[in-house]
Amino acid sequence: MSSFVYLVIIGLIFDNIVVALGRFIGVGTLLENLNYLRYWVHAFVTPTLILFCLSVLQHTGIKWVKSKITLWMTWLYTIILILLEIFTEAWDIQLKPVWEYGVLRYIPAESASGPPIMIIFISITLIATAILLYKYTKWKWMLIGSVIMTIGSAIPFPFNSAASTNGFELFLLITLVITKLHFDKKLTTV
């Protein structure tokens, strides 16, 4: 299940490709539909980070982490977050074209009042997982990535670009891949 992090990376790559191609595609149905797809991919893919969290926690030696009930609860939590994102963000979303920082993309016509609820729950889960991972294995990189992503997303930066958020997402994903590779390597050497 730790490989779900790669699915999230593919989703982020797709998201960035659509945003990067916006200026070349131009305003219209094609770009609008690709942007709708961005929101749906985000809704289905990002919550799988919860499954990644369970997978890496299984290396801690905590007994309840390996139980069937924990596995079922983790899948249920993931599905609930997917449904939450679908019904609060993706379903019936109305998009409008916007040029920002030289990039053409479609954004929700109604501005959000804060980060999506799904993102808040995933951030909390990532940090809680990272704390347990550090406590039981002394592995710090997931904790560093999760904390930096959370703090970096909360701080408004004074320059005209959304690249800072993408940079924090990239840093987080790098630390998650390093975490996956570290624990996968431990499994193959045992």
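This report walks through a predicted model, taking its helices, its hairpin, its salt bridges and a few backbone oddities in turn.

**Helix H4 and its surroundings**

Let's start with helix H4, which runs over residues 68–90. With 23 residues, H4 spans 31 Å from its first C-alpha to its last, close to the 33 Å you'd expect at 1.5 Å a residue. The buried residues in H4 are Thr-70, Thr-74, Thr-78, Leu-81, Ile-82, Glu-85, Ile-86 and Ala-90. Note that Glu-85 sits in that buried list along with three threonines, Thr-70, Thr-74 and Thr-78. What do the buried residues of H4 pack against? Their partners are helix H2 (29–45), helix H3 (49–57) and helix H5 (117–137).

Thr-70 is worth zooming in on, as one of the residues of H4. Its relative accessible area is 13%, so Thr-70 counts as buried because the cut-off is under 20%. Once neighbours within four places in sequence are set aside, Thr-70 touches Leu-54, Trp-64 and Val-65.

Just past the end of H4, Asp-92 takes a positive phi of about 60°.

**A nonpolar patch**

There's also a nonpolar patch on the surface, about 670 Å² in area. Its members are Met-1, Leu-71, Trp-75, Ile-79, Leu-83, Phe-87 and Trp-91. Met-1 comes from the segment before helix H1 (4–25). Is Met-1 buried, partly exposed or exposed? At 35% relative accessibility, Met-1 is partly exposed.

**The S1–S2 hairpin**

On to the strands. S1 covers residues 95–100 and S2 covers residues 103–108, and the two pair in the antiparallel sense over 6 bridges. Leu-95 faces Pro-108 of S2 across the pairing. The hairpin has 2 residues between its strands, and Tyr-101 takes a positive phi there, near 55°. Tyr-101 belongs to the loop between S1 and S2, and it has that positive phi despite not being a glycine. Its relative accessibility is 48%, so Tyr-101 counts as partly exposed.

**Salt bridges**

Side chains of opposite charge can pair when their charged atoms come close. How many salt bridges does the model have? The count comes to 3, and they're laid out here.

| Basic residue | Acidic residue | N to O distance |
|---|---|---|
| Arg-38 | Asp-15 | 2.7 Å |
| Arg-105 | Glu-100 | 2.6 Å |
| Lys-180 | Asp-184 | 2.2 Å |

Take Arg-38 and Asp-15, whose closest N and O atoms are 2.7 Å apart. This pair ties together distant parts of the chain, with Arg-38 in helix H2 and Asp-15 in helix H1, 23 residues apart. Arg-38 has 9% relative accessibility, so it counts as buried.

The Arg-105 and Glu-100 pair has an N to O distance of 2.6 Å. Arg-105 is partly exposed at 21% relative accessibility, and Glu-100 is partly exposed as well, with a relative accessible area of 27%. For Arg-105, the call rests on the cut-off: buried means under 20%, so 21% lands in the partly exposed class.

Lys-180 and Asp-184 meet at 2.2 Å, N to O. Where do these two sit relative to each other? They're 4 residues apart in helix H7 (residues 163–189), so about one helical turn separates Lys-180 from Asp-184. Lys-180 is buried, with a relative accessible area of 7%, whereas Asp-184 is partly exposed at 24%.

**Another positive phi, and a glycine in H7**

Lys-138 has a positive phi of about 65° and isn't a glycine either. You'll find Lys-138 in the loop between H5 and helix H6 (141–154). Is Lys-138 buried or exposed? With 57% relative accessibility, Lys-138 counts as exposed, because the cut-off for that class is over 50%.

Finally, back to helix H7, where Gly-167 lies. Gly-167 is partly exposed, with a relative accessible area of 36%. The C-alpha atoms of Gly-167 and Leu-49 are separated by 18 Å, and the two residues are 118 residues apart along the chain.

Technical notes: Residues numbered from 1 in each chain as written. Predicted model: local features only at pLDDT ≥ 70, side-chain atom pairs only at ≥ 80, totals over all residues. Heavy atoms only, no water. Pairing = 2+ DSSP bridges. Expected span 1.5 Å × (residues − 1). Buried < 20%, exposed > 50% of the residue type's maximum accessible area, 1.4 Å probe, protein only. Contact = heavy atoms within 4.5 Å. Patch = residues over 30% accessible without salt bridge, like charges linked within 9 Å, V, L, I, M, F, W, Y side chains within 5 Å. Areas by Shrake-Rupley, 256 points an atom, 1.4 Å probe, with all protein chains shown as cover. Salt bridge = Lys/Arg side-chain N within 4 Å of Asp/Glu carboxyl O.
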